[in-house]
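Colleague: Could you show me the sequence and the model? I would like to go through it with you in short steps.

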Amino acid sequence: MKITDFVCYEVSIPTRRRHTWASSTADVGQGWFILKVFTDEGIVGYGEATAMGEWGGDFSRYYGETASTCAVVIRENIFPAIVGCDPFDIDLIHHKMDSAIRGHNYAKAAVDIALYDIMGKKINMPVYKLLGGKHRDRIPLAHSLGVVMDINAAVDEAKKAVDEGIKNIKMKGGLDLPRDVELMKRLREAVGPDVNVLVDANQGYPSPKEAIKWGTEMNRYNLQYLEQPVEGIMQMQQITKMLQCPVCADESCWTVADALDIVSLRAADYVSIYVSKAGGLYPARTIASICENAKIRCNVNGSGEFGIGNAANLHMACCAKNIDLASVFPVTHVEGYPEQTKVAAHWYRDDIIREPFRYEDGCLVVPNGPGLGVEIDEEKLKKYGKEI
Ligand SMILES: [Mg+2]
């Protein structure tokens with residue numbers, strides 16, 4: 001089988017409410033990158049990247065990407081290097097992509113996801129079978145509260161999400177530290193002791209010492225873990241050493257090389273793996289293995305993926321034993337289907353896949369169909385997207 005052609009799209013789907021965080025004020029789901037890859041056997045694969053200009057690694061170690069930059073580097077650099085390749089030669093393809101252009105992991109992730117979709121369709125197996133198989137059938141979700149939300153509105157929304165089955169609340173913080181402590185306290189009072197509450201500061205705390213101080217305050221209310229309080233692996237190491245609750249690296253762990261640095265410096269207790277930050281499922285699987293061998297627990301997170309990216313995330317989140325923390329994935333809503341949740345992880349009003357993933361007891365069920373296990377609604381792709 002040979003890779004023959006591709007089409008790029010920029011897609012925007014209306015959201016239920018605004019969702020922003022400390023390091024990004026751009027709206028989610030507005031201008032995501034969708035890729036369609038063709039083969040000489042007629043098998044077509046789809047990829048997605050939630051490319052955002054404002055989102056990058058520590059100290060601009062990795063740059064922001066957009067749907068447009070993804071389209072340009074795929075057209076001018078990546079595709080010329082991999083056209084004619086067999087999608088099953090995924091390691092070789094990653095080497096070719098990395099030789100053709102450094103970085104641009106979101107563009108590479110979209111290609112990698114589309115190739116896994118093709119491989120799965122070719123052998124009539126779900127993608128997780130190509131990643132080592134499945135450790136769990138469903139992935140627990142964390143409901144994410146945006147950083148600009150009023151405290152009362154955030155508490156009210158958390159209660160509604162818990163009523164709909166959610167057992168993990170992720171509170172975005174990092175802009176106003178006393179507000180973070182107050183919201184943590186109010187959330188714990190509202191949801192009780194059995195729901196996990198974690199705080200993601202998105203590098204927003206001014207220094208490691210302040211992160212330790214405010215993290216200790218929040219941990220009085222049983223903080224499950226503090227995610228990316230500050231910027232920088234050395235700074236994260238200082239907090240990990242001092243804070244009683246676990247510390248999770250997100251922006252500090254972009255690539256396989258970052259995972260090795262975190263392990264060697266013991267700079268985090270947990271790692272948040274993204275298919276996109278890593279540059280695709282193949283390198284993301286390597287990060288999971290590195291963390292497993294270092295006894296680091298992981299989750300797979302995203303940035304509000306549509307159905308294609310969400311499917312890739314679900315396949316990734318079930319494939320490693322140490323990926324056992326809850327994920328921030330949207331509960332996909334497809335127009336015409338009954339809403340599975342009103343509030344819980346309900347991000348979008350519609351999607352470009354034909355059927356939503358099943359939501360059960362606070363979890364999304366991993367799809368079992370061939371490839372990514374989703375069917376694309378080409379009409380919806382036209383309605384919400386444009387070729388770029
Ligand atoms: Mg995060």
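**Strands, helices and the metal site**

Colleague: Which residue in β13 stands opposite E360?
Modeller: This is a predicted model: local features need pLDDT of at least 70, side-chain atom pairs count only at pLDDT 80 or more, and totals for chains, interfaces and linings use all residues. Residues are numbered from 1 along each chain as its sequence is written, and side-chain values use heavy atoms, leaving out hydrogens and water. Strands are DSSP runs of E with at least two residues, helices are runs of H or I with at least four, and both are numbered from the N terminus. Opposite E360 in β13 stands C363.

Colleague: How many bridges join β12 and β13?
Modeller: Strand β13 covers residues 363-365, and it pairs with β12 in the antiparallel sense. Two strands count as paired if DSSP finds at least two bridges between them. Here the number of bridges is two.

Colleague: Which are the edge strands of that open sheet?
Modeller: The three strands run in the order β4-β13-β12, with antiparallel pairing. An edge strand pairs on one side only. That describes β4 (138-140) and β12 (359-360).

Colleague: What is the strand order in the seven-strand sheet?
Modeller: This sheet is open too, and its pairing is parallel. Its edges are β5 (142-145) and β11 (297-300). The order is β5-β6-β7-β8-β9-β10-β11.

Colleague: In β7, what is the bridge partner of N168?
Modeller: β6 and β7 run parallel and are joined by five bridges. Four of the five residues of β7 are buried (under 20% relative accessible area; over 50% is exposed, in between is partly exposed; 1.4 Å probe, protein chains only). The strand is therefore largely enclosed by the rest of the structure. The partner of N168 is N196.

Colleague: And in β10, what is the bridge partner of A249?
Modeller: β9 (residues 247-249) and β10 (residues 270-273) run parallel, joined by two bridges. The partner of A249 is V271.

Colleague: At what angle does helix α5 run to β6?
Modeller: Helix α5 spans residues 177-191 and lies across β5, β6 (168-172) and β7 (196-200). Axes are lines fitted to C-alpha atoms, for helices over the stretch in contact, and angles between N-to-C directions run from 0 to 180 degrees. For α5 and β6, the angle is about 160°.

Colleague: Which residues are the protein donors of the magnesium ion?
Modeller: Donors are N, O and S atoms within 2.8 Å of the metal (3.2 Å for Na, K and Ca); water is not among the atoms, so sites may look incomplete. The spacing along the chain is D-x26-E-x22-D. The donor atoms lie 2.0 to 2.3 Å from the ion, and they belong to D200 (OD), E227 (OE) and D250 (OD).

Colleague: Are D200 and D250 buried or exposed?
Modeller: D200 sits in strand β7, and D250 in the loop between β9 and α8, 50 residues apart. Both are buried.

Colleague: What is the relative accessibility of Q228?
Modeller: Q228 lies in the loop between β8 (226-227) and α7 (233-242). Leaving out residues up to four places away in sequence, its contacts (heavy atoms within 4.5 Å) include D58, D200, C248 and D250. Q228 counts as buried, because its relative accessibility is 0%.

Colleague: How far apart are the C-alpha atoms of A267 and Q238?
Modeller: A267 is in the loop between α8 (256-265) and β10. A267 is buried, with a relative accessible area of 2%. Q238 is 29 residues away along the chain, yet the C-alpha separation is 7.5 Å.

Colleague: Are α3 and α10 roughly parallel or roughly perpendicular?
Modeller: The axes of α3 (residues 105-123) and α10 come within 8 Å and cross at roughly 95°. D112, I113 and Y116 in α3 meet L281, Y282 and P283 in α10. Angles under 35 degrees count as roughly parallel, over 145 as roughly antiparallel, 65 to 115 as roughly perpendicular and the rest as oblique. The two helices are therefore roughly perpendicular.

Colleague: How do the residues of the contact of α8 with α10 divide?
Modeller: The axes of α8 and α10 come within 9 Å and cross at roughly 10°, which means the helices are roughly parallel. The contact is made by V256, A259, L260 and V263 of α8 with P283, T286, I287 and I290 of α10. Ala, Val, Leu, Ile, Met, Phe, Trp, Tyr, Cys and Pro count as nonpolar, Asp, Glu, Lys and Arg as charged, and the others, Gly among them, as polar. The residues divide into seven nonpolar, one polar and no charged.
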